[in-house]
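Got your viewer open? Load the model below, and let's walk through it one selection at a time.

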Amino acid sequence: MAGMKGLRLVIFGPPGSGKGTQSKLISELYGIPHISTGDIFRDEIARGSRLGRLAEEYISKGLLVPDEVVVEMVRERLLREDCKPGFILDGFPRTLRQAEELDRILEELGWRLDAVINLVVDEEEVVRRITLRRVCSVCGAIYHLEFNPPKRPGVCDRCGGKLYQREDDTEEVVRKRLEVYRTQTEPILRYYREKGLVRDVDGNPSIEEVFEQVKAVLEEVRSGGDG
Ligand SMILES: [Zn+2]
């Protein structure tokens, strides 16, 4: 039926692309759950489920949770009632194998992906966003020296605590993470491009401007395409 298709989405974007924020905005506007693998892990572990205990074993040893376990967790999540109108997957699939498994799960449910949102951000912009981040050593408040600076340099507005730069937020680490992201994501994006699902969105402008683009893409996906 035209007009009210489900919205079954995957979102990609490098660290610092605002992927989490855009996912949340999409989730709120369209009433579909934002499903991040991090949240699923935490939830399953907190509930002490079979899969949660399995995942915990790997995580506690500093190992990657194997594809089978991740896929099974995502499958169970997608079976829940709130995913009927759609969903936005964030952090999954992370491997080509997971992407293929996702197709299998969706086929089993009689669904298919509607679009893959790919946030594209210049490397220098990501470096600027992340390396200018400062965190309060006392209350954990997050600042950005350019977008959201503290009133007094180096001091938390909320509690007066000292601000510091996290080790993960240094230029060297950021560039390394971007490199890892590219290597990891390229084959998956290629897989989805061949299926004609990828919608590149310019992630460089402000959150609001990016979201305007995302909305335009999603309206197009929802109203048209080839059903
Ligand atoms: Zn503070």
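Before the tour starts, one convention: two helices count as roughly perpendicular when the angle between them is 65 to 115 degrees. Keep in mind, too, that what you have on screen is a predicted model.

**Stop 1: a pair of helices, α2 and α3**

Select residues 37-47, which form α2, and residues 50-60, which form α3. Their axes sit 7 Å apart, and the packing angle is about 110 degrees. That angle is why α2 and α3 are described as roughly perpendicular to each other. Which way do α2 and α3 cross, left-handed or right-handed? The crossing is left-handed.

Now show the side chains where the two helices meet. On the α2 side, pick F41, E44 and I45; on the α3 side, pick L51, G52, E56 and I59. Colour this contact by class and you should get 4 nonpolar residues, 1 polar and 2 charged.

**Stop 2: an unusual-looking bond to zoom in on**

Most peptide bonds are trans. Zoom in on F92 and P93, though, and you'll find that the peptide bond from one to the other is cis, with omega near -5 degrees. As for where you are, P93 belongs to the loop between β3 (86-90) and α5 (96-109).

**Stop 3: another helix pair, α1 and α8**

Next, select α1 (19-30) and α8 (207-223). The two axes come within 10 Å and cross at roughly 50 degrees. That makes α1 oblique to α8. This crossing is right-handed.

To see the contact, show T21, Q22, L25, I26, L29 and Y30 from α1. From α8, add I207, V210, F211, V214, K215, L218, E219 and R222. Sorted by class, the contact of α1 with α8 has 9 nonpolar, 2 polar and 3 charged residues.

**Stop 4: the largest pocket**

Keep α1 and α8 selected, and add α6 (123-131) and β6 (142-144): each of these four elements supplies at least two residues to the lining of the largest pocket. Which of them gives the largest share? It's α1, with 4 residues.

Turn on a surface here if you like. The pocket has a volume of about 710 Å³, and 28 residues line it. To find the middle, select G16, G18, T21, R129 and R133, which lie nearest the centre. You've met T21 already, in the contact between α1 and α8.

Finally, colour the whole lining by class: 9 residues are nonpolar, 12 are polar and 7 are charged.

Methods: Residues numbered from 1 in each chain as written. Predicted model: local features only at pLDDT ≥ 70, side-chain atom pairs only at ≥ 80, totals over all residues. Heavy atoms only, no water. 1 Å grid on protein atoms, 1.4 Å probe; cavity = no way out; pocket = protein on both sides within 12 Å on 5 of 7 lines; lining within 4 Å. Points joined across faces, edges and corners; volume = space filled by probe spheres on them. Nonpolar A, V, L, I, M, F, W, Y, C, P; charged D, E, K, R; others polar. Axes fitted to C-alpha atoms, helices over the stretch in contact; angles between N-to-C directions. Parallel < 35°, antiparallel > 145°, perpendicular 65-115°, else oblique. Left-handed = near helix turned anticlockwise from the far one by under 90°. Contact = heavy atoms within 4.5 Å.
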